[in-house]
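Me: I am new to this structure and would like to go through it one question at a time. Could you take me through it carefully?

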Amino acid sequence: MTVDADWTIVVPVKQVPDADDVTIDPETGTLNRSDAPAVLNAPDYNAVEAALSLRERAGGEVVAVTMGPPFARAVLETAVALGADDAVLLTDRAFGGSDTWPTSLALARAADELDADVVVCGEESTDSSTGQVPPGIAAHNGWAQLTYAEELEPRPDDDELVAVRDVEGGHERVAAETPVVVAFEYGENEPRAAGLHRKIYAETEFEPEEWSAEDLGISEQVGLVNSPTKVGGMDTADPVEREQAVVDDVDALSDRITEVTADD
Amino acid sequence: METPDYDNEFDAIVVGAGLAGSAAALAMANQDLDVLVLERGQSPGTKNVFGGVLYTPTVRELVDIDDAPLERYVAEKRYGVLTETDETAVTMRPGEWLEEPHNDSYTVLRGSFDEWFAEQAVDAGATLLTETTVTGLVREPGGGAAEGRVVGVETDRPDGTIRAPVVVVAEGANSLVSEGAGLRDHHDREDVAVAAKEVLKFDRETIEQRFRLNGDQGVAYNYFGEGAVGDAVGGGFIYTNKRTVSVGVAYSIEDAVASDQNPEETLNDFKQHPAVAPLVRGGRTVEYSAHAIPEGGIDAVPDLVSDGALLAGDAAGLVLNNGVHLEGTNMAVESGYQAGRAVAAAVDGDDGSVDDRALATYPEELADSFVVQNLQHYDFFQELAVEDREFLFSELPRALADAETEYFAVDRDPKEAHAEAAKDRLLDAAGGYVGAAKRAWKYRKLLS
Amino acid sequence: MTDDDTVHEDVWVFVEEHGGDVAGVSWELLAKGRELADETGEDLVALVVGEGVDDVGAEAVERGADRALVADDPVFEPYRAGPYGDQFRALVEERRPSIVLIGGTTTGRDFAGRVAVPADAGLTADCTELDVDDEGLLLARRPTFGGDAMATIKCPDHRPQMATVRAGVFDAAERDPDRDGDVEAVDVVVEADDALSRVLEREVGDVADITDADVVVAGGGGTEGDFAPVEALADALDGEVAASRKAVDEGWVEPARQVGQTGKTVRPDLYVAAGISGAVQHVEGMNDAETVVAVNTDPNAPIFEHADYGIVGDLHEVLPELTDRLGGRSPPEPTA
Ligand SMILES: Cc1cc2nc3c(=O)[nH]c(=O)nc-3n(C[C@H](O)[C@H](O)[C@H](O)COP(=O)(O)OP(=O)(O)OC[C@H]3O[C@@H](n4cnc5c(N)ncnc54)[C@H](O)[C@@H]3O)c2cc1C
Ligand SMILES: Cc1cc2nc3c(=O)[nH]c(=O)nc-3n(C[C@H](O)[C@H](O)[C@H](O)COP(=O)(O)OP(=O)(O)OC[C@H]3O[C@@H](n4cnc5c(N)ncnc54)[C@H](O)[C@@H]3O)c2cc1C
Ligand SMILES: Nc1ncnc2c1ncn2[C@@H]1O[C@H](COP(=O)(O)O)[C@@H](O)[C@H]1O
């Protein structure tokens with residue numbers, strides 16, 4: 001395998017509220033995201049790991065990108081601590097309220113700007129969980145895509161990336177032309193821990209680059225007004241009522257089960 | 001990818017961003033030292049189990065306490081003695097506690113307080129690294145020490161060793177680092193208490209009604225006797241926060257090993273005591289945890305400075321836990337603060353050299369402070385409590401309950417007869433007048 | 001942008017076919033699409049893409065479609081996002097549907113964005129409820145934040161209104177051989193050379209369907225890979241074996257049996273969760289079960305809050321005993 005292809009591997013990472021700490025205001029029914037600490041989207045750890053491991057095999061550099069408010073730079077620090085070479089923060093008031101269409105546009109433009117050969121996304125974000133940003137990036141740029149990827153095999157000599165993909169009922173191996181957008185499956189690799197000195201560097205000295213919507217030439221195409229989908233309302237899901245009875249022994253449990261299954 | 005090397009880029013490393021660690025970091029950062037604080041939790045305080053009262057005299061010296069995330073100030077204290085079925089209690093609500101500075105006693109949730117306190121150190125210039133566990137100290141031959149001098153720490157991260165001229169170990173009661181590095185002996189069993197604690201959620205009104213509280217007032221209740229933790233040396237506690245109540249038990253590990261009750265069961269029994277149950281009824285458990293508290297007193301405190309490393313807070317065994325007082329927070333902050341000041345005086349920020357004589361001022365300063373003074377003053381109690389365990393935790397509570405039942409009995413006998421019987425019951429338990437006088441003498445220092 | 005006066009009408013349902021099998025969710029969407037079309041007074045159109053799929057178009061008509069559009073060409077086999085997306089997009093731009101529904105399978109979720117992005121369409125992912133308002137606006141409801149809240153999402157100014165829909169949330173449309181409607185072969189716009197990727201190998205087995213089962217016995221991380229007790233209980237109760245994502249990721253169980261946000265939604269009378277912690281993403285997929293039974297060693301496991309009956313214990317002991325009581329055979333003792 002060639003090392004030194006000098007691939008530019010871009011990893012879009014997202015800051016999300018820590019899922020364990022999101023609460024719902026019982027009166028207004030809105031989500032109390034502000035209480036929850038902001039963390040790196042769990043599946044993006046797998047994306048960063050996949051990108052670092054590609055870099056080890058193909059050569060080149062890994063650049064993390066996030067679109068979000070200024071404090072979202074924290075997830076870039078996390079990515080740099082894990083081993084990303086550099087990072088770019090896409091931040092601009094104009095981005096506010098963007099749904100997947102403009103979000104993937106901004107990331108697509110940034111990837112293009114960075115001359116990406118490979119873009120490695122996470123499977124989905126734990127807060128909006130659409131999984132639509134990676135195909136969106138590919139569609140905006142007219143690039144190939146490899147979603148539900150479990151393994152990656154670089155073939156820089158052929159300008160190709162091969163992936164083992166999860167498909168309904170099995171697996172397939174697909175070769176895609178670069179530039180290509182990957183959505184790496186959550187949990188399919190073992191994300192490494194950040195090195196001590198690298199972590200100190202990321203949190204003290206490292207500064208990400210900042211790009212605005214104008215820098216990307218898309219001020220008129222992003223934000224709430226340019227988002228096709230509108231959230232019409234948010235309500236607490238009625239929790240499903242359950243008995244929550246704890247039985248002491250298997251006999252009692254089997255009686256319950258017999259009752260339930262005998263009903264029909 | 002090139003990673004800079006931070007060996008000896010920091011003047012000092014602090015192990016643990018608890019009260020002692022952050023106080024030390026703050027003291028050093030205030031003197032323009034570059035400090036690196038390493039904390040194993042996701043954020044400071046997430047791993048903390050304390051459920052109680054933060055004593056703030058030293059905190060007040062270091063930071064603007066008005067911004068701190070405090071829950072309630074302690075407006076009422078209660079000491080209750082429990083048998084299986086009875087309670088005898090003293091309650092106090094001095095008017096002075098209602099006024100600022102509220103006797104420097106506040107309930108806090110350590111998850112928020114420790115995070116805030118560490119943030120003050122960061123604002124002052126310290127560097128905080130979380131999710132990083134220190135696994136050992138790095139030693140190097142030289143410096144006159146037989147085992148070599150402490151020149152840095154090892155962590156659980158890749159590329160995880162980092163050097164600095166001085167290390168302040170403020171890792172709390174578990175003391176794995178300090179023990180592993182030979183800075184202290186393994187805690188003897190009799191020197192450690194186990195604690196189990198639950199945080200129960202209520203709405204504000206319920207707490208305020210149940211405990212008779214206005215606004216930010218809160219209570220600290222302590223319980224002793226066999227109704228609290230069975231026949232173990234220790235007690236139970238209830239503290240009110242804004243929207244939660246902490247309820248827990250703490251008792252000697254030795255007893256915990258001897259009895260087949262685990263801390264969780266002991267806590268459950270305590271919560272079901274007839275005098276306790278109505279106070280905690282209906283709360284939703286939002287947190288359960290168990291933890292150790294040092295209680296060896298002054299004799300169990302190791303050398304506070306050795307070979308370029310300093311110990312502070314629980315890691316140094318600096319907790320006053322004698323039954324009447326459970327004070328570790330003020331000692332942790334004070335000792336961290338003193339340790340930090342000593343390091344600031346000892347380390348030359350330019351060449352990284354360390355003046356060991358300046359470091360040695362730390363134990364001296366501490367010896368003159370309330371920390372060591374209090375530990376010495378109450379040292380006698382720990383031993384006595386073990387010696388008199390049967391009397392203190394079982395006979396006395398029972399005698400009290402019987403005596404009060406007698407004394408206040410309402411029936412067709414004359415009161416005098418009941419009063420006489422009550423007195424006899426107490427004397428009987430204490431071992432007659434002579435026994436009572438001896439005991440009073442033995443325990444006099446508790447109240448002085 | 002499509003906020004001009006061009007009329008967009010009809011409800012489209014993508015009928016997903018692989019190697020002759022149609023994904024169950026497609027027939028579920030046809031039933032739901034029928035309801036929506038009846039409400040708006042529009043036609044229900046089935047869209048089929050693949051090779052040799054005429055009969056799938058005919059079956060779609062029997063299951064409720066007014067018409068079927070069939071794009072039949074070898075370029076669509078095996079599936080790739082590029083050709084599917086390009087073909088689909090061309091049809092959408094030419095025929096202008098108002099609503100487009102796609103099953104939330106790996107395939108549907110893979111190419112939906114390649115249609116929505118260039119068509120400037122709004123796309124709501126992973127819906128679990130669908131409705132239309134008085135103006136014919138699609139109200140797509142989906143859980144957010146791991147199921148703690150439901151969001152209603154609309155696309156007031158963009159057409160078509162696209163949604164991917166979770167498998168298992170609607171009943172499948174029944175087949176009625178007497179129904180008729182057109183099956184129209186459409187022009188194929190994709191050239192083989194346009195494809196940006198090629199499939200090197202593909203290995204697919206039977207796709208289990210757990211969404212219809214009356215009894216589902218699911219195992220998780222707590223099985224530590226030993227699914228024998230889970231299988232035996234499922235056998236005794238005449239039910240299907242399912243799993244948490246953890247068990248699927250570990251390779252103990254095939255992905256088609258995964259329950260949850262990124263798996264299937266099941267609606268059995270009885271759901272047994274054994275050695276499953278009860279993460280929100282899992283619970284989302286089992287919330288429609290009539291009765292939930294949990295077996296877990298940890299009394300504080302969140303699954304007990306989502307169960308009707310729970311027992312604190314080791315599944316390796318509890319399940320075999322249960323199987324015994326319920327008249328099944330215990331699995332053979334595992335050989336060490
Ligand atoms: C149940 C209970 C109730 C109590 N009630 C009271 C009370 O009412 N009033 C009172 O004054 N005191 C009370 N105490 C005592 C008080 O909590 C302690 O004395 C005080 O917290 C000690 O502070 P510290 O900074 O020394 O240690 P800690 O607060 O324990 O902080 C140690 C920090 O170091 C971190 N750490 C540990 N090991 C490592 C490592 N290897 N690497 C990196 N980081 C590490 C920990 O995560 C933690 O953040 C109570 C204690 C308990 C357990
Ligand atoms: C984007 C995203 C999407 C996801 N989608 C899904 C999804 O669709 N479906 C899904 O399931 N998860 C999903 N997850 C993962 C989910 O968050 C959890 O990680 C997963 O459900 C955990 O599986 P588990 O409970 O089986 O395993 P674990 O978390 O490992 O829990 C094992 C449980 O078994 C118990 N146990 C251990 N030993 C025994 C024993 N001998 N007997 C009985 N009990 C025992 C333990 O107490 C524990 O509660 C998703 C996560 C993300 C981030
Ligand atoms: N705002 C964002 N900034 C950077 N990357 C993002 C952002 N939103 C989504 N992504 C990427 O897209 C993936 C899928 O997210 P989603 O489509 O929101 O479920 C994530 O795992 C990220 O890799």
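Me: How do the residues of the shell around ligand 3 divide into nonpolar, polar and charged?
Reply: This is a predicted model, and what follows describes that model. The shell around ligand 3 holds 21 residues, and those that come nearest are A:Pro12, A:Asp44, A:Ser125, A:Thr130 and A:Gly131. Sorted by class, the residues of this shell are 8 nonpolar, 10 polar and 3 charged.

Me: Which element gives the largest share of the shell around ligand 3?
Reply: In chain A, β6 (60-67), α3 (100-113), β8 (118-122) and α4 (133-141) each contribute at least two residues to the shell around ligand 3. The largest share, 3 residues, is that of β6(A).

Me: How much of the accessible area of ligand 3 does the protein cover?
Reply: Polar atoms of chain A approach ligand 3 at several points, including the side chain of A:Ser125, where an N or O atom is 2.7 Å from an oxygen atom of the ligand. For A:Gly131 it is a backbone N or O atom that lies 2.7 Å from an oxygen atom of ligand 3, while a polar backbone atom of A:Val133 is 3.0 Å from an oxygen atom of the ligand. Of the 480 Å² of accessible area that ligand 3 has on its own, the protein covers 98%.

Me: Why is the site of ligand 2 shared between chains, and which chains surround it?
Reply: Ligand 2 is surrounded by 28 residues, and the closest of them are C:Gly221, C:Ser244, C:Thr262, C:Ser277 and C:Asn296. Within chain C, α6 (245-249), α7 (280-283) and α8 (315-325) each supply at least two residues of this shell. The site is shared because the residues around ligand 2 come from chains A and C.

Me: How much of the accessible area of ligand 2 does the protein cover?
Reply: The shell around ligand 2 has 5 nonpolar, 18 polar and 5 charged residues. A polar side-chain atom of C:Thr262 lies 2.6 Å from a nitrogen atom of the ligand, and a polar side-chain atom of C:Gln258 lies 2.9 Å from an oxygen atom of ligand 2. On its own ligand 2 has 990 Å² of accessible area, and the share of this that the protein covers is 83%.

Me: Which three residues of chain A supply more than any other three of the area that chain A buries against chain C?
Reply: The contact between these chains takes 75 residues from chain A and 77 residues from chain C. Together the two chains bury about 6500 Å², with 54% of it on carbon and sulfur atoms. On the side of chain A, 11% of the buried area is supplied by A:Glu168, A:Arg242 and A:Val250.

Me: Which residues of chain A lose the most area to chain B?
Reply: Here 18 residues of chain A are in contact with 23 residues of chain B, and the area buried between the two chains is about 1500 Å², of which carbon and sulfur atoms give 63%. Together 44% of what the chain A side buries comes from A:Leu196, A:His197 and A:Ile200.

Me: Which residue of β18(B) does B:Ser306 stand opposite?
Reply: In chain B, 6 strands form an open sheet with mixed pairing, in the order β7-β2-β1-β11-β18-β17. The edge strands, each paired on one side only, are β7 (127-129) and β17 (305-306). The pairing of β17(B) with β18 (residues 309-311) is antiparallel and runs over 2 bridges. In β18(B), the residue opposite B:Ser306 is B:Ala309.

Terms used: Residues numbered from 1 in each chain as written. Chains lettered and ligands numbered in written order. Predicted model: local features only at pLDDT ≥ 70, side-chain atom pairs only at ≥ 80, totals over all residues. Heavy atoms only, no water. Near = heavy atom within 4 Å. Polar contact = N/O pair within 3.5 Å; in protein donor to acceptor, adjacent residues only side chain to side chain. Areas by Shrake-Rupley, 256 points an atom, 1.4 Å probe, with all protein chains shown as cover. Helix = DSSP H or I, 4+ residues; strand = E, 2+ residues; numbered from the N terminus. Nonpolar A, V, L, I, M, F, W, Y, C, P; charged D, E, K, R; others polar. Pairing = 2+ DSSP bridges. Contact = heavy atoms within 4.5 Å. Buried area = accessible area lost by both parts, 1.4 Å probe.
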